[in-house]
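Student: Hey, can we go through this one together? I'd like to start with a single strand and work outwards.

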Amino acid sequence: MTEVLHKVVDESRQGEAYAPFVNDPNQFHKKFYIESYGCAMNFSDSEIIASILHEEGYGPTREVEEASLVLLNTCSIRDKAEQTIRTRLQAFKKVKERNPGMLIGVLGCMAERLKAKLLEEERLVDIVVGPDAYRSLPGLIAETEGGQKSVNVLLSREETYGDIAPVRLDSNGVTSFVSIMRGCNNMCTFCVVPFTRGRERSRDAESILNECRVLFEQGYKEITLLGQNVDSYYYTSADGVDATFAHLLERVALISPLLRVRFSTSHPKDITDDVLYTMAKYHNICKYIHLPVQSGNTRILQQMNRTYTREWYLHKVQRIRTIMPDCGISTDVISGFCTETEEEHQDTLSLMQVCNFDMAYMYSYSERPGTLAARRFTDDVPEPVKSRRLAEIIKVQKDNQAISYKLDIGKTFEVLIEGNSKKSENDWCGRSTQNKVIVFPKVGNDLKKGDYVHVKVLQATSATLIGEIVELN
Ligand code: SAM
Ligand code: SF4
Ligand code: F3S
């Protein structure tokens with residue numbers, strides 16, 4: 001076993017990690033280096049890419065200088081995400097000067113958005129591959145080794161990579177992502193994803209269940225089912241059996257009561273009572289929903305084509321809390337979308353006060369070329385106004401979150417141990433079912449990663465709970 005760098009750089013979520021590869025690195029005669037940017041879907045795709053490259057005899061390296069193939073799995077969601085990639089490419093320029101045989105590939109959403117144009121704009125890039133074309137990577141590498149540049153950005157209506165066993169990157173051996181669908185049909189006007197990832201398609205339910213079973217057998221204790229809109233999952237098997245997201249969730253939960261199940265992302269228009277009752281029924285389905293609102297104002301929501309109103313969203317939150325009073329809820333918010341007035345911004349702040357989110361990802365609007373908003377509306381809220389509104393949104397969230405975390409003091413949570421705390425090897429770190437991070441001192445030697453313990457919360461910061469292990473009577 002060797003340690004290899006898989007750098008996960010999420011522009012918004014700021015993750016970064018190292019990945020142990022399971023296989024013996026000496027079996028590989030060529031080396032690849034990969035960095036992933038953007039959302040969990042991209043990270044999950046990098047595990048499929050690693051599997052395809054393994055089959056071709058490529059082993060991983062954490063040293064870019066050692067690699068004959070350097071890959072960036074990119075994100076286009078905001079302009080800043082693309083600028084980050086351009087800066088990374090600049091950094092590779094010097095390495096390529098020293099090692100002219102090294103191939104540089106740009107994969108993922110930025111590859112799909114810019115297509116062959118990327119080869120003109122970034123001259124050191126050799127290979128451009130979109131999210132549905134990773135199976136063609138070996139052929140494209142071979143073409144490029146022959147001296148030409150290669151591009152495949154064909155989107156597919158069927159590709160789910162359902163038959164490819166991902167090579168787990170960045171693995172703590174306890175938690176893992178499992179992709180259940182690809183693409184998105186929603187056409188939110190601000191969003192580039194429908195253009196970079198294509199039409200929505202659901203993966204074969206049996207292949208999802210098999211992947212989850214194998215993970216559990218390998219010792220994993222938590223699975224996050226991934227899709228841009230998981231609640232619209234729908235798969236009809238060859239023998240005509242239909243599976244909705246609620247069915248799938250139930251079947252994954254039934255694999256073992258010791259396997260925690262999470263999912264992301266839910267669209268407020270699609271999450272059903274069936275899903276909520278399924279969550280309530282199974283202890284091992286985590287009581288946590290990421291429910292992006294984007295704006296608290298109905299006119300702006302309409303302009304965003306989110307297809308729900310402020311009242312609909314508030315009703316959904318109420319439904320969740322009625323069915324699962326202890327459910328954590330988080331959200332995404334965008335400040336300064338086209339034509340947003342000061343009063344409309346105030347509606348977002350007031351919605352956040354009412355909902356009291358446990359966590360939120362907050363962004364200022366970044367116009368993306370080719371989206372419906374870029375074609376139909378003027379990006380007319382000045383940058384300083386967007387930033388000021390974003391700061392106000394962040395302030396409300398920070399204050400609410402501090403209260404939400406303080407209210408947990410004195411409560412006891414079941415925690416899945418994920419590993420050492422970042423700050424001290426003497427402390428464990430894990431999460432509650434509501435997805436809150438809990439740090440607590442190690443006692444005795446009999447506990448390990450992947451164990452469940454009960455932890456009583458003694459203190460709270462605005463993003464971490466601090467506690468101690470307790471025995472339940
Ligand atoms: N499919 C999920 C949904 O509908 O909530 C998430 C999609 S996107 C990967 C994650 C978040 O990025 C969105 O919820 C939105 O808040 C934000 N986002 C998307 N496009 C954006 C843009 N043009 N400018 C700023 N933020 C954006
Ligand atoms: Fe983008 Fe909307 Fe699809 Fe989410 S649901 S990926 S925000 S188009
Ligand atoms: Fe970015 Fe593509 Fe995900 S644009 S957020 S990597 S789907």
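Student: Is strand S20 enclosed or open, and why?
Tutor: In this predicted model, S20 (residues 427-431) is largely enclosed by the rest of the structure, because 4 of its 5 residues are buried. Buried means under 20% relative accessible area, with a 1.4 Å probe and protein chains only. Strands are DSSP runs of E, at least two residues, numbered from the N terminus.

Student: What does S20 pair with on the S19 side?
Tutor: Strand S19 (residues 412-420) runs antiparallel to S20, with 4 bridges joining them. Two strands count as paired if DSSP finds at least two bridges between them. Leu416 stands opposite Arg431 of S20, and a hairpin of 6 residues links S19 to S20.

Student: And how many bridges go to S21?
Tutor: There are 5 bridges between S20 and strand S21 (residues 437-441), and that pair is antiparallel. Asp427 sits opposite Pro441 in S21. The hairpin there has 5 residues between the strands, and Asn435 in this hairpin takes a positive phi near 75°.

Student: Changing topic: which residues are closest to ligand 1?
Tutor: Gln228, Pro292, Gln294, Asp332 and Ser366 are the closest of the 15 residues around ligand 1. To be near, a residue needs a heavy atom within 4 Å.

Student: What polar contacts does Asp332 make with the ligand?
Tutor: A side-chain N or O atom of Asp332 is 2.6 Å from an oxygen atom of ligand 1. Gln294 has a side-chain N or O atom 2.7 Å from a ligand oxygen, and a polar side-chain atom of Arg78 lies 3.1 Å from a ligand nitrogen. For these, a polar contact is a pair of N or O atoms within 3.5 Å.

Student: How much of ligand 1 is covered?
Tutor: The protein covers 93% of the 560 Å² of accessible area that ligand 1 has on its own; areas come from the Shrake-Rupley method with a 1.4 Å probe. Strands S17 (328-335) and S18 (359-364) each give two or more residues to the shell.

Student: Zooming out, what's the chain's radius of gyration?
Tutor: The chain has 22 Å, which agrees with the value near 23 Å for a compact globule of 473 residues. The radius is taken over C-alpha atoms, and the globule rule is 2.2 Å times the number of residues to the power 0.38. Buried residues make up 56% of the chain.

Student: Anything on how to read the numbers?
Tutor: Residues count from 1 along each chain as its sequence is written, while chains are lettered from A and ligands numbered from 1 in written order. Local features need pLDDT of at least 70, side-chain atom pairs count only at pLDDT 80 or more, and totals for chains, interfaces and linings use all residues, while side-chain values use heavy atoms, leaving out hydrogens and water.

Definitions and conventions. Buried means under 20% relative accessible area, exposed over 50%, partly exposed in between (1.4 Å probe, protein chains only). A polar contact is a pair of N or O atoms within 3.5 Å; within protein, one must be able to donate a hydrogen and the other to accept it, and residues adjacent in sequence count only if both atoms are side-chain atoms.
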